[in-house]
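Let's take a walk through this structure together, stopping at a few residues along the way. Keep the 3D view open as you read.

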Amino acid sequence: NNAMYHAAQMGLDWMLHIDADEALLVEDIRKYFFAIPQNVFQVTFLNWECALTEPDVDNWFKEVTLFKVNPKTLDADTVEIVWPMETRGNRIFVGYDIGKSAARV
């Protein structure tokens, strides 16, 4: 609530939290959020997870070029072909696959 209060005081329309190792790739962020209908108060961006090819990474944005697409963007048959249950257990992503949400202030 405190963050929303301060965001409103600053005249912000939307709030979004992303971690230091994350990026939001939108061609025109203002145009994107402006196009969202006024009755929508939250949007969720589905994340991709990097697939490390080397054990030590200093700069995620320069060194990592291979990513796993979010399984929520694929149909069940494709998920099973790409990540068979016997090789993935209950998880496809090491971290999380719920995405990041932005909230209207």
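Since this is a predicted model, everything below describes the prediction. Our walk begins at Leu12, which sits in the loop between helix 1 (2–9) and strand 1 (14–16). Is this side chain hidden away or open to the outside? Leu12 is partly exposed, with a relative accessible area of 38%. If you set aside neighbours within four places in sequence, the contacts of Leu12 are Ala7 and Val105. Thr44 is another matter: 32 residues along the chain separate it from Leu12, and their C-alpha atoms are 18 Å apart.

Let's follow the contact to Val105. This residue belongs to the segment after strand 5 (100–104), and it too is partly exposed, at a relative accessible area of 34%. Leu12 and Val105 also turn up together on the surface: with Met10, they make a nonpolar patch of about 280 Å². A patch residue needs over 30% relative accessible area, and Leu12 at 38% and Val105 at 34% both fit that requirement.

Next, turn to the aromatic residues. The structure holds four aromatic pairs. One of them joins Trp14 and Phe33 in a tilted arrangement, with 5.0 Å from centre to centre and 35° between the planes. Why is this pair worth a look? Trp14 lies in strand 1 and Phe33 in helix 2 (residues 29–34), so the pair ties together parts that are 19 residues apart in sequence. Both Trp14 and Phe33 are buried; for Phe33 the relative accessibility is 12%.

Phe33 also pairs with Tyr32, this time edge-to-face, with the ring centres 5.3 Å apart and the planes at 90°. Tyr32 is partly exposed, with a relative accessible area of 33%, whereas Phe33 counts as buried. Trp14, Tyr32 and Phe33 belong to one aromatic cluster that also includes Phe45.

Our last stop is Asn47, in the loop between strand 2 (42–45) and strand 3 (49–50). Although it is in a loop, Asn47 is buried, because its relative accessible area is 15% and the cut-off for buried is under 20%. Which residues does Asn47 touch, leaving aside neighbours within four places in sequence? They are Asn70, Phe93, Tyr96, Asp97, Ile98 and Gly99. With Gly99 there is a polar approach to look for: the backbone nitrogen of Gly99 lies 3.1 Å from a polar atom of the Asn47 side chain.

Technical notes: Residues are numbered from 1 along each chain as its sequence is written. This is a predicted model: local features need pLDDT of at least 70, side-chain atom pairs count only at pLDDT 80 or more; totals for chains, interfaces and linings use all residues. Side-chain values use heavy atoms; hydrogens and water are left out. Helices (H or I, at least four residues) and strands (E, at least two) are DSSP runs, numbered from the N terminus. Buried means under 20% relative accessible area, exposed over 50%, partly exposed in between (1.4 Å probe, protein chains only). Contact means heavy atoms within 4.5 Å. A polar contact is a pair of N or O atoms within 3.5 Å; within protein, one must be able to donate a hydrogen and the other to accept it, and residues adjacent in sequence count only if both atoms are side-chain atoms. Patches are made of residues with over 30% relative accessible area and no salt bridge: like charges are joined within 9 Å, nonpolar side chains (Val, Leu, Ile, Met, Phe, Trp, Tyr) within 5 Å. Accessible areas come from the Shrake-Rupley method with a 1.4 Å probe; for residues, only the protein chains shown count as cover. A salt bridge is a side-chain nitrogen of Lys or Arg within 4 Å of a carboxyl oxygen of Asp or Glu. Rings of Phe, Tyr and Trp (its six-membered ring) pair if their centres lie within 6.5 Å; planes under 30 degrees apart count as stacked, over 60 as edge-to-face and the rest as tilted.
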